[in-house]
Amino acid sequence: MAEFDQLKEQAAQVRRDIVRLVYNCQSGHPGGSLGCVEYFVALYGKIMKHKAKPFKMDGKGQDLFFLSNGHISPVWYSVLARNGYFDVQELNTFRKLNSRLQGHPATHEGLPGIRIASGSLGQGMSAAIGAALGKRLDGDKRRVFCLCGDGELQEGQCWEAMMFAAHHKVDNLIVTVDWNGQQIDGSNDDVISLGNLPAKWKAFGWDVLVLEQGNNLEAVAAMLQRARRRTGKGKPVVILMKTEMGHGVDFMAGTHKWHGKAPNQEQYESAMNQLPVTSLGDF
Amino acid sequence: MNINDITSSGSRATREGFGQGLLEAGGQNPKVVGLTADLLESLQMQHFKKEFPERFFQVGIAEANMIGIAAGLATAGKIPFTGTFANFSTGRVYDQIRQSVAYSHKNVKICASHAGLTLGEDGATHQILEDIGMMRMLPGMVVINPCDYNQTKAATLAIAEYYGPVYLRFGRPAWPIFTPENQKFKIGKALQLSTGKDVTIFATGHLVWTSVEAAKQLATQGVSCEVINIHTIKPLDNEAILDSVSKTRAVVVAEEHQRNGGLGESIANLLAHKLPVPVEFVAVNDSFGESGKPLELLEKYGLSSNDVANAARRVLERKKV
Ligand SMILES: Cc1ncc(C[n+]2csc(CCOP(=O)(O)OP(=O)(O)O)c2C)c(N)n1
Ligand SMILES: [Mg+2]
């Protein structure tokens with residue numbers, strides 16, 4: 001459990017990082033980022049076998065991660081930095097001119113940890129499938145992880161990817177859906193209902209796991225381990241992970257309103273007062 | 001028409017002009033319908049939705065589907081206005097536009113916000129600089145990039161009255177307003193902002209204001225510029241362009257777009273055939289953008305008023321030889 005204590009401390013720090021990241025540049029996406037903290041911290045801290053330095057694009061012999069909903073770059077950048085991919089101080093450059101930390105993740109400036117650009121939605125699962133096929137061709141037994149948004153699933157390309165992965169038995173792939181029920185213009189149900197999501201994934205030929213507690217670190221880690229055990233059995237695996245958008249900051253929690261908005265000074269101070277200081281320290 | 005008579009009165013985003021224009025177009029014509037792909041307020045379509053809820057369709061994050069549905073609505077005699085970011089309005093759905101809208105000549109208005117570098121912090125994934133090129137290549141597509149709030153509003157009203165596919169491009173940031181309120185917008189008619197004899201500056205979109213600033217700077221150094229607002233990139237106002245250039249015989253083209261495929265290429269094409277003169281291009285030179293503040297980005301990528309003025313100086317040197 002000592003390990004979880006450390007990861008929990010990291011999760012607390014990542015929440016502070018997210019709020020500071022978007023506050024500093026007065027733009028960016030805190031809501032989805034805060035909701036996915038436990039996923040990222042568990043994935044990089046406990047689940048994936050990965051190497052920060054030197055960062056290798058082909059990731060041979062390592063587990064790989066692809067972020068399809070690229071707008072939640074704040075949580076990814078914070079977790080990459082806290083896992084040694086680059087200096088934590090570099091978080092100060094987020095969304096500013098001449099930075100490697102672009103608004104949406106990019107390879108163009110050479111930021112370690114990123115293997116493909118994302119931001120235009122609906123494309124990441126396809127890329128993850130391609131990387132998984134590459135591992136299969138190379139006899140590499142490591143796994144490929146991918147995170148998508150739930151609103152993002154409204155893009156047709158996601159369903160093309162789902163059909164392909166089932167048809168080609170891409171069973172070294174674990175996709176997770178950030179099932180926060182929200183997107184820009186409101187709840188998924190207000191915008192375009194996703195209907196019975198587990199049934200849809202099942203009908204598309206996936207092994208479907210539902211996680212109710214996407215903001216509980218132990219639960220997320222246990223579910224990711226369970227998902228890993230279900231790989232290699234002829235089906236791609238998906239975790240439909242229920243999270244709370246904006247989790248950890250009361251006025252951001254549970255609403256689409258903080259999808260892509262930066263707090264003003266007063267809101268920033270209120271948020272920082274709610275988020276405990278950690279021994280890791282702010283960037 | 002003296003360049004120094006052009007002054008701005010406040011600033012507002014061009015996308016707000018679109019939102020107001022769409023609201024008014026909806027009031028004028030019950031055939032006008034609106035669609036968005038989960039970007040209602042970014043496109044400022046909330047006013048139209050509130051007033052005409054039964055004529056508004058939320059498509060979700062599914063731009064290809066939105067273009068197809070709009071084309072279908074057009075077959076039923078409706079006048080659909082689709083709204084999303086410029087990248088997702090063009091590159092994302094190019095073949096849907098090509099087959100269902102352009103080739104089928106459907107009366108769809110593809111309305112695109114957050115075009116170009118001035119989108120700012122979201123960075124290169126969202127900063128499309130190729131959209132004018134893609135859209136102007138499509139046979140029969142009208143391509144419009146108005147310069148300020150008032151003109152975007154007027155253009156929105158005008159395209160509702162025009163039958164045929166239109167690409168209307170506008171932007172995210174607040175930008176100086178310097179064209180008249182309640183102007184009548186004529187598709188395909190270039191607007192001369194100043195008379196001059198040394199060089200013609202053709203500009204479109206946000207860079208029209210930038211060019212006005214450049215021309216003012218040049219005027220203090222005795223260089224007289226004819227600034228012409230090419231709000232309609234296609235069809236191009238060949239006559240107005242040739243009229244001005246036959247007088248100045250030196251050209252600068254300024255746009256918030258790639259040099260490849262943009263307005264500059266269109267004008268250079270015309271001049272190569274009819275009136276070869278030196279041309280300088282103020283545009284992004286074959287690179288992607290990045291995150292940053294709008295004005296910082298225009299500066300870094302060579303699209304500031306100083307860059308327009310320097311281009312004018314260069315072209316004047318070339319004119320001498
Ligand atoms: C192709 C495309 N269309 C539209 C957008 C604009 N956009 C960015 S995030 C977003 C909503 C995404 O919803 P979801 O995947 O549920 O993410 P969440 O809001 O929960 O973080 C939209 C519409 C985009 N980035 N890409
Ligand atoms: Mg969501």
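A residue counts as buried when its relative accessible area is under 20%, as exposed when that area is over 50%, and as partly exposed in between. With that yardstick in hand, Arg228(A) is easy to place: its relative accessibility is 23%, so Arg228(A) counts as partly exposed. The model looked at here is a predicted one, and Arg228(A) makes a handy way into chain A.

Arg228(A) sits in helix α9 (residues 217–229) of chain A, and its side chain meets that of Asp63(A) in a salt bridge, 2.7 Å from N to O. The two ends of this bridge come from distant parts of the chain, 165 residues apart, with Asp63(A) found in the loop between α3 (37–47) and β1 (64–67) of chain A. Asp63(A) has a relative accessibility of just 2%, so it counts as buried. Elsewhere, salt bridges with shared partners tie Asp58(A), Lys60(A) and Asp138(A) into one network. One link in that network is the salt bridge between the side chains of Asp58(A) and Lys60(A), at 3.8 Å from N to O. Asp58(A) has a relative accessible area of 45%, which means it is partly exposed.

Over all chains, the structure holds 28 salt bridges. Another of them pairs Asp17(A) with Arg82(A), whose closest N and O atoms are 2.8 Å apart. This pair also links distant parts of the chain: Asp17(A) belongs to helix α1 (residues 2–25) of chain A and Arg82(A) to helix α4 (residues 73–82) of chain A, 65 residues apart. Asp17(A) and Arg82(A) are both buried.

Chain A also holds on to a metal. Three residues supply the protein donors of the magnesium ion (ligand 2): Asp150(A) through OD, Asn180(A) through OD1 and Gln182(A) through O, at 2.1 to 2.2 Å from the ion. Along the sequence, these donor residues follow the spacing D-x29-N-x1-Q. Asn180(A) and Gln182(A) are both buried.

Strand β3 (residues 173–179) of chain A is where Thr176(A) is found. With a relative accessibility of 0%, Thr176(A) counts as buried, because buried means under 20%. Setting aside neighbours within four places in sequence, Thr176(A) is in contact with Tyr39(A), Cys146(A), Leu147(A), Cys148(A), Leu224(A), Ile239(A) and Met241(A).

Now for chain B. Here five strands make up an open sheet with mixed pairing, in the order β9-β11-β10-β13-β14. At its edges are β9 (191–192) and β14 of chain B, each of which pairs on one side only. Inside the sheet, β10(B) and β11(B) run parallel and are joined by five bridges; Thr200(B), for instance, has Glu226(B) in β11(B) as its bridge partner. Helix α12(B) lies across β10, β13 and β14 of chain B, and runs at about 155° to β14(B).

Helix α8 (residues 207–220) of chain B has 14 residues and spans 20 Å from its first C-alpha to its last, close to the 20 Å expected at 1.5 Å a residue. Quite a list of its residues is buried, including Leu207(B), Val208(B), Trp209(B), Thr210(B) and Leu218(B). What covers the buried residues of α8(B) includes strands of the sheet, among them β10 (199–203), β11 (225–229), β13 (251–258) and β14 (279–284) of chain B, and also β8 (174–176) and helix α12 (305–320) of chain B. Just after α8(B), Gly222(B) takes a positive phi of about 80°.

Terms used. Residues are numbered from 1 along each chain as its sequence is written. Chains are lettered from A and ligands numbered from 1 in the order in which they are written. This is a predicted model: local features need pLDDT of at least 70, side-chain atom pairs count only at pLDDT 80 or more; totals for chains, interfaces and linings use all residues. Side-chain values use heavy atoms; hydrogens and water are left out. Helices (H or I, at least four residues) and strands (E, at least two) are DSSP runs, numbered from the N terminus. The expected span of a helix is 1.5 Å times one less than its number of residues. Buried means under 20% relative accessible area, exposed over 50%, partly exposed in between (1.4 Å probe, protein chains only). Contact means heavy atoms within 4.5 Å. Two strands pair if DSSP finds at least two bridges between them. Axes are lines fitted to C-alpha atoms, for helices over the stretch in contact, and angles run from 0 to 180 degrees between N-to-C directions. Donors are N, O and S atoms within 2.8 Å of the metal (3.2 Å for Na, K and Ca); water is not among the atoms, so sites may look incomplete. A salt bridge is a side-chain nitrogen of Lys or Arg within 4 Å of a carboxyl oxygen of Asp or Glu.
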